[in-house]
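Trainee: I have a new model open and would like to learn how to read it. Could you take me through a few features?

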Amino acid sequence: MFKNIISGIKAYFGTFKLISKLGLWRYFGIPILISVLTGFGFVSFAYFFSDNLGILISKIWPWEWGSETFATISTYIGGLLILVLGLVIYKHIVMALSAPFMSPVSEKVEAHFYGNTTHTHRNTSFRQQLTRGIRINLRNLCKELLFMIPLLILSFIPIIGIVATVLIFLIQAYYVGFGNMDYTMERHFNYKESIQFVRKNRGIAIGNGIVFVLMLFIPIIGFIVTLPIAVVAASSETVKILDQQKLISTTDSSIISKEIEA
(Lines give C-alpha, C1' and ligand atoms only; values in the text may rest on other atoms or scores of the structure.)
Protein backbone atom coordinates (compact mmCIF):
# COMPACT_ATOMS: atom_id res chain seq x y z
CA MET A 1 0.00 0.00 0.00
CA PHE A 2 2.93 2.33 0.69
CA LYS A 3 3.87 2.22 -3.00
CA ASN A 4 0.34 3.28 -3.94
CA ILE A 5 0.44 6.14 -1.42
CA ILE A 6 3.59 7.43 -3.12
CA SER A 7 1.89 7.07 -6.53
CA GLY A 8 -1.07 9.08 -5.28
CA ILE A 9 1.28 11.86 -4.15
CA LYS A 10 3.39 11.79 -7.33
CA ALA A 11 0.24 12.19 -9.43
CA TYR A 12 0.21 15.86 -8.39
CA PHE A 13 3.40 16.56 -10.31
CA GLY A 14 2.57 18.27 -13.59
CA THR A 15 -1.07 18.92 -12.75
CA PHE A 16 -0.82 22.69 -13.34
CA LYS A 17 0.71 22.02 -16.75
CA LEU A 18 -2.02 19.53 -17.63
CA ILE A 19 -4.78 21.89 -16.47
CA SER A 20 -3.42 24.66 -18.69
CA LYS A 21 -2.87 22.32 -21.63
CA LEU A 22 -6.46 21.06 -21.54
CA GLY A 23 -7.95 24.48 -20.73
CA LEU A 24 -9.59 23.20 -17.55
CA TRP A 25 -9.43 26.40 -15.49
CA ARG A 26 -12.79 27.54 -16.85
CA TYR A 27 -14.47 24.60 -15.11
CA PHE A 28 -13.19 25.61 -11.69
CA GLY A 29 -14.88 28.99 -11.21
CA ILE A 30 -17.98 27.77 -9.36
CA PRO A 31 -16.16 25.05 -7.33
CA ILE A 32 -13.58 27.64 -6.23
CA LEU A 33 -16.38 30.00 -5.19
CA ILE A 34 -18.06 27.18 -3.25
CA SER A 35 -14.73 26.33 -1.60
CA VAL A 36 -13.90 29.91 -0.59
CA LEU A 37 -17.36 30.70 0.78
CA THR A 38 -17.61 27.43 2.69
CA GLY A 39 -14.08 27.78 4.08
CA PHE A 40 -14.70 31.38 5.16
CA GLY A 41 -17.93 30.32 6.82
CA PHE A 42 -16.27 27.63 8.94
CA VAL A 43 -13.34 29.85 9.93
CA SER A 44 -15.79 32.56 11.02
CA PHE A 45 -17.85 30.00 12.91
CA ALA A 46 -14.74 28.82 14.79
CA TYR A 47 -13.75 32.40 15.62
CA PHE A 48 -17.13 33.47 17.00
CA PHE A 49 -18.16 30.29 18.81
CA SER A 50 -14.87 28.99 20.22
CA ASP A 51 -15.51 31.01 23.41
CA ASN A 52 -18.96 29.46 23.84
CA LEU A 53 -17.63 25.94 23.44
CA GLY A 54 -14.70 26.82 25.70
CA ILE A 55 -17.11 27.81 28.48
CA LEU A 56 -18.89 24.47 28.19
CA ILE A 57 -15.58 22.58 28.32
CA SER A 58 -14.34 24.63 31.31
CA LYS A 59 -17.32 23.44 33.38
CA ILE A 60 -15.75 19.99 33.68
CA TRP A 61 -13.10 21.59 35.99
CA PRO A 62 -14.81 21.59 39.45
CA TRP A 63 -12.08 23.27 41.52
CA GLU A 64 -11.48 26.96 42.24
CA TRP A 65 -7.71 26.82 41.84
CA GLY A 66 -6.55 26.92 38.26
CA SER A 67 -10.05 27.60 36.97
CA GLU A 68 -9.04 30.75 35.05
CA THR A 69 -6.11 28.98 33.41
CA PHE A 70 -8.29 26.02 32.48
CA ALA A 71 -10.94 28.38 31.09
CA THR A 72 -8.33 29.99 28.82
CA ILE A 73 -7.07 26.60 27.66
CA SER A 74 -10.67 25.49 27.10
CA THR A 75 -11.23 28.40 24.70
CA TYR A 76 -8.31 27.25 22.55
CA ILE A 77 -9.47 23.64 22.75
CA GLY A 78 -12.96 24.71 21.69
CA GLY A 79 -11.61 26.62 18.72
CA LEU A 80 -9.41 23.66 17.74
CA LEU A 81 -12.31 21.21 17.93
CA ILE A 82 -14.50 23.45 15.78
CA LEU A 83 -11.71 23.88 13.22
CA VAL A 84 -10.95 20.16 13.02
CA LEU A 85 -14.58 19.10 12.73
CA GLY A 86 -15.26 22.06 10.44
CA LEU A 87 -12.42 20.97 8.16
CA VAL A 88 -13.94 17.50 7.91
CA ILE A 89 -17.40 18.84 7.07
CA TYR A 90 -15.98 21.54 4.78
CA LYS A 91 -14.23 19.01 2.54
CA HIS A 92 -17.32 16.92 1.97
CA ILE A 93 -19.62 19.88 1.36
CA VAL A 94 -17.27 21.29 -1.27
CA MET A 95 -16.70 17.93 -2.98
CA ALA A 96 -20.41 17.07 -2.99
CA LEU A 97 -21.57 20.39 -4.43
CA SER A 98 -18.70 20.45 -6.96
CA ALA A 99 -19.47 17.00 -8.38
CA PRO A 100 -21.33 18.20 -11.52
CA PHE A 101 -18.39 20.51 -12.36
CA MET A 102 -15.57 18.09 -11.53
CA SER A 103 -16.98 15.11 -13.45
CA PRO A 104 -16.45 16.81 -16.85
CA VAL A 105 -12.91 17.69 -15.77
CA SER A 106 -12.21 14.05 -14.97
CA GLU A 107 -13.70 13.00 -18.30
CA LYS A 108 -11.43 15.38 -20.21
CA VAL A 109 -8.39 14.03 -18.37
CA GLU A 110 -9.39 10.50 -19.32
CA ALA A 111 -9.97 11.50 -22.95
CA HIS A 112 -6.55 13.20 -23.02
CA PHE A 113 -4.77 10.01 -22.01
CA TYR A 114 -6.99 7.45 -23.71
CA GLY A 115 -8.69 9.19 -26.62
CA ASN A 116 -11.76 7.34 -27.86
CA THR A 117 -12.30 4.28 -25.69
CA THR A 118 -14.20 1.18 -26.77
CA HIS A 119 -16.07 0.75 -23.51
CA THR A 120 -19.36 2.45 -22.67
CA HIS A 121 -19.49 5.16 -20.02
CA ARG A 122 -22.43 5.49 -17.69
CA ASN A 123 -24.34 8.53 -18.95
CA THR A 124 -25.40 10.77 -16.08
CA SER A 125 -27.05 14.17 -15.90
CA PHE A 126 -26.12 17.22 -13.82
CA ARG A 127 -28.74 16.25 -11.24
CA GLN A 128 -27.55 12.63 -11.07
CA GLN A 129 -23.94 13.74 -10.62
CA LEU A 130 -24.94 16.11 -7.84
CA THR A 131 -27.08 13.44 -6.16
CA ARG A 132 -24.28 10.90 -6.30
CA GLY A 133 -21.77 13.45 -5.02
CA ILE A 134 -24.00 14.20 -2.03
CA ARG A 135 -24.61 10.50 -1.38
CA ILE A 136 -20.93 9.51 -1.55
CA ASN A 137 -19.76 12.41 0.58
CA LEU A 138 -22.53 12.04 3.16
CA ARG A 139 -21.57 8.38 3.52
CA ASN A 140 -17.88 9.27 3.82
CA LEU A 141 -18.59 12.09 6.29
CA CYS A 142 -20.49 9.76 8.62
CA LYS A 143 -17.75 7.13 8.42
CA GLU A 144 -15.03 9.73 9.00
CA LEU A 145 -16.75 11.24 12.06
CA LEU A 146 -17.36 7.76 13.47
CA PHE A 147 -13.60 7.15 13.53
CA MET A 148 -12.47 10.67 14.29
CA ILE A 149 -14.53 11.63 17.36
CA PRO A 150 -13.00 8.92 19.60
CA LEU A 151 -9.55 9.73 18.17
CA LEU A 152 -10.04 13.43 18.93
CA ILE A 153 -10.65 12.57 22.56
CA LEU A 154 -7.58 10.34 22.64
CA SER A 155 -5.47 13.04 21.00
CA PHE A 156 -5.42 15.00 24.28
CA ILE A 157 -3.71 12.10 26.09
CA PRO A 158 0.13 12.38 26.11
CA ILE A 159 1.98 9.93 23.81
CA ILE A 160 -1.27 8.24 22.74
CA GLY A 161 -2.28 11.63 21.37
CA ILE A 162 0.56 11.54 18.82
CA VAL A 163 -0.65 8.25 17.38
CA ALA A 164 -4.25 9.44 17.43
CA THR A 165 -3.34 12.65 15.59
CA VAL A 166 -1.54 10.71 12.85
CA LEU A 167 -4.53 8.40 12.46
CA ILE A 168 -6.88 11.39 12.25
CA PHE A 169 -4.76 12.84 9.45
CA LEU A 170 -4.65 9.54 7.50
CA ILE A 171 -8.40 8.97 7.89
CA GLN A 172 -9.12 12.45 6.56
CA ALA A 173 -6.72 11.83 3.69
CA TYR A 174 -8.39 8.53 2.79
CA TYR A 175 -11.91 9.87 2.60
CA VAL A 176 -11.00 13.05 0.72
CA GLY A 177 -9.02 10.95 -1.77
CA PHE A 178 -12.07 8.70 -2.09
CA GLY A 179 -14.19 11.70 -3.04
CA ASN A 180 -11.69 12.92 -5.63
CA MET A 181 -11.43 9.47 -7.22
CA ASP A 182 -15.21 9.14 -7.44
CA TYR A 183 -15.43 11.88 -10.08
CA THR A 184 -13.85 9.31 -12.42
CA MET A 185 -15.47 6.20 -10.98
CA GLU A 186 -18.89 7.80 -11.41
CA ARG A 187 -18.64 7.07 -15.14
CA HIS A 188 -17.49 3.47 -14.73
CA PHE A 189 -19.06 2.04 -11.57
CA ASN A 190 -22.24 2.18 -9.58
CA TYR A 191 -22.26 3.24 -5.93
CA LYS A 192 -21.32 -0.12 -4.39
CA GLU A 193 -18.72 -0.94 -7.04
CA SER A 194 -16.98 2.40 -6.41
CA ILE A 195 -16.67 1.66 -2.69
CA GLN A 196 -15.13 -1.74 -3.46
CA PHE A 197 -12.74 -0.20 -6.00
CA VAL A 198 -11.42 2.37 -3.51
CA ARG A 199 -10.99 -0.25 -0.80
CA LYS A 200 -8.76 -2.24 -3.15
CA ASN A 201 -6.80 0.91 -4.03
CA ARG A 202 -6.91 2.76 -0.71
CA GLY A 203 -3.23 3.71 -0.99
CA ILE A 204 -3.98 5.92 -4.01
CA ALA A 205 -6.82 7.60 -2.10
CA ILE A 206 -4.60 8.23 0.93
CA GLY A 207 -1.77 9.63 -1.19
CA ASN A 208 -4.12 11.98 -3.00
CA GLY A 209 -5.76 13.05 0.25
CA ILE A 210 -2.46 13.69 2.05
CA VAL A 211 -1.53 16.46 -0.37
CA PHE A 212 -5.11 17.78 -0.39
CA VAL A 213 -5.28 18.14 3.41
CA LEU A 214 -1.80 19.68 3.67
CA MET A 215 -2.60 22.24 0.97
CA LEU A 216 -5.70 23.40 2.85
CA PHE A 217 -3.40 24.86 5.50
CA ILE A 218 -1.96 27.31 2.97
CA PRO A 219 -3.80 30.59 3.78
CA ILE A 220 -6.40 31.61 1.16
CA ILE A 221 -4.57 29.90 -1.74
CA GLY A 222 -5.36 26.51 -0.20
CA PHE A 223 -9.10 27.09 -0.56
CA ILE A 224 -8.66 28.19 -4.18
CA VAL A 225 -6.33 25.72 -5.90
CA THR A 226 -6.52 22.56 -3.77
CA LEU A 227 -9.66 21.01 -5.25
CA PRO A 228 -8.81 21.60 -8.94
CA ILE A 229 -5.33 20.08 -8.82
CA ALA A 230 -6.42 17.27 -6.49
CA VAL A 231 -9.19 16.22 -8.88
CA VAL A 232 -6.84 16.25 -11.89
CA ALA A 233 -4.25 14.24 -9.94
CA ALA A 234 -6.85 11.72 -8.76
CA SER A 235 -8.35 11.40 -12.25
CA SER A 236 -4.95 10.77 -13.85
CA GLU A 237 -4.09 8.02 -11.37
CA THR A 238 -7.55 6.44 -11.33
CA VAL A 239 -7.79 6.02 -15.09
CA LYS A 240 -4.29 4.53 -15.05
CA ILE A 241 -5.48 1.88 -12.59
CA LEU A 242 -8.59 1.23 -14.67
CA ASP A 243 -6.38 0.64 -17.70
CA GLN A 244 -4.03 -1.67 -15.75
CA GLN A 245 -7.02 -3.71 -14.61
CA LYS A 246 -8.31 -3.91 -18.20
CA LEU A 247 -11.40 -1.89 -17.31
CA ILE A 248 -10.65 0.57 -20.12
CA SER A 249 -10.00 -0.53 -23.68
CA THR A 250 -8.00 1.98 -25.70
CA THR A 251 -7.63 2.39 -29.42
CA ASP A 252 -3.87 2.82 -29.26
CA SER A 253 -2.51 1.67 -25.92
CA SER A 254 1.15 1.96 -26.90
CA ILE A 255 0.94 5.68 -27.57
CA ILE A 256 -1.13 6.32 -24.47
CA SER A 257 1.15 4.33 -22.19
CA LYS A 258 4.11 6.42 -23.34
CA GLU A 259 2.22 9.65 -22.69
CA ILE A 260 1.25 8.62 -19.17
CA GLU A 261 4.78 7.54 -18.33
CA ALA A 262 6.10 10.88 -19.63
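Trainee: Let me begin with a helix start: which backbone nitrogen does a side-chain oxygen of asparagine 190 reach at the start of H8?

Mentor: Glad you asked! Keep in mind that this is a predicted model. At the start of H8, the backbone nitrogen of lysine 192 lies within 3.2 Å of a side-chain oxygen of asparagine 190.

Trainee: Moving along that helix, which residues of H8 are buried?

Mentor: Start with the general idea. An α-helix has 3.6 residues a turn, so residues three or four places apart point the same way. Now the case here: H8 covers residues 191–200, and Tyr191, Ser194, Ile195, Phe197 and Val198 are buried in it. Looking down the axis of H8, you find these buried residues within an arc of 165 degrees, so they line one face of the helix.

Trainee: What does the face of H8 turned away from the buried side carry?

Mentor: That face carries Lys192 and Lys200, which are exposed. On the buried side, the cover includes H6, H7, H9 and H10.

Trainee: Let's turn to the core. Which residues touch the most other members of the largest nonpolar core?

Mentor: Those are Met102 and Val232, in a core of 65 residues. Helices H2 (15–22), H4 (67–97), H5 (99–114), H6, H7, H8, H9 and H10 each give two or more residues to this core. Try clicking on valine 232: leaving out residues up to four places away in sequence, its contacts are Thr15, Leu18, Ile19, Leu24, Phe28, Val105 and Val109.

Trainee: And alanine 233: is it buried or exposed?

Mentor: Alanine 233 counts as buried because its relative accessibility is 1%. This residue of helix H10 touches Ala11, Tyr12, Thr15 and Asn208, again leaving out residues up to four places away in sequence. Its C-alpha atom is 9.4 Å from that of valine 109, although the two residues are 124 apart along the chain.

Trainee: One last feature, the backbone angles. Where is isoleucine 159, with its positive phi?

Mentor: Look in the loop between helix H6 (126–154) and helix H7 (160–185). Isoleucine 159 has a phi near 70 degrees, a positive value in a residue other than glycine. Its relative accessibility is 71%, so isoleucine 159 counts as exposed.

Trainee: What about isoleucine 220: what is its phi?

Mentor: Its phi is positive, about 60 degrees, although isoleucine 220 is not a glycine. You will find isoleucine 220 in the loop between helix H9 (202–215) and helix H10 (221–244). With a relative accessible area of 63%, isoleucine 220 is exposed.

Terms used:
Residues are numbered from 1 along each chain as its sequence is written. This is a predicted model: local features need pLDDT of at least 70, side-chain atom pairs count only at pLDDT 80 or more; totals for chains, interfaces and linings use all residues. Side-chain values use heavy atoms; hydrogens and water are left out. Helices (H or I, at least four residues) and strands (E, at least two) are DSSP runs, numbered from the N terminus. Buried means under 20% relative accessible area, exposed over 50%, partly exposed in between (1.4 Å probe, protein chains only). Contact means heavy atoms within 4.5 Å. The arc is that of the directions from the helix axis to the C-beta atoms. A polar contact is a pair of N or O atoms within 3.5 Å; within protein, one must be able to donate a hydrogen and the other to accept it, and residues adjacent in sequence count only if both atoms are side-chain atoms. A nonpolar core is a set of buried Ala, Val, Leu, Ile, Met, Phe, Trp, Tyr and Cys residues joined through side-chain atoms within 4.5 Å.
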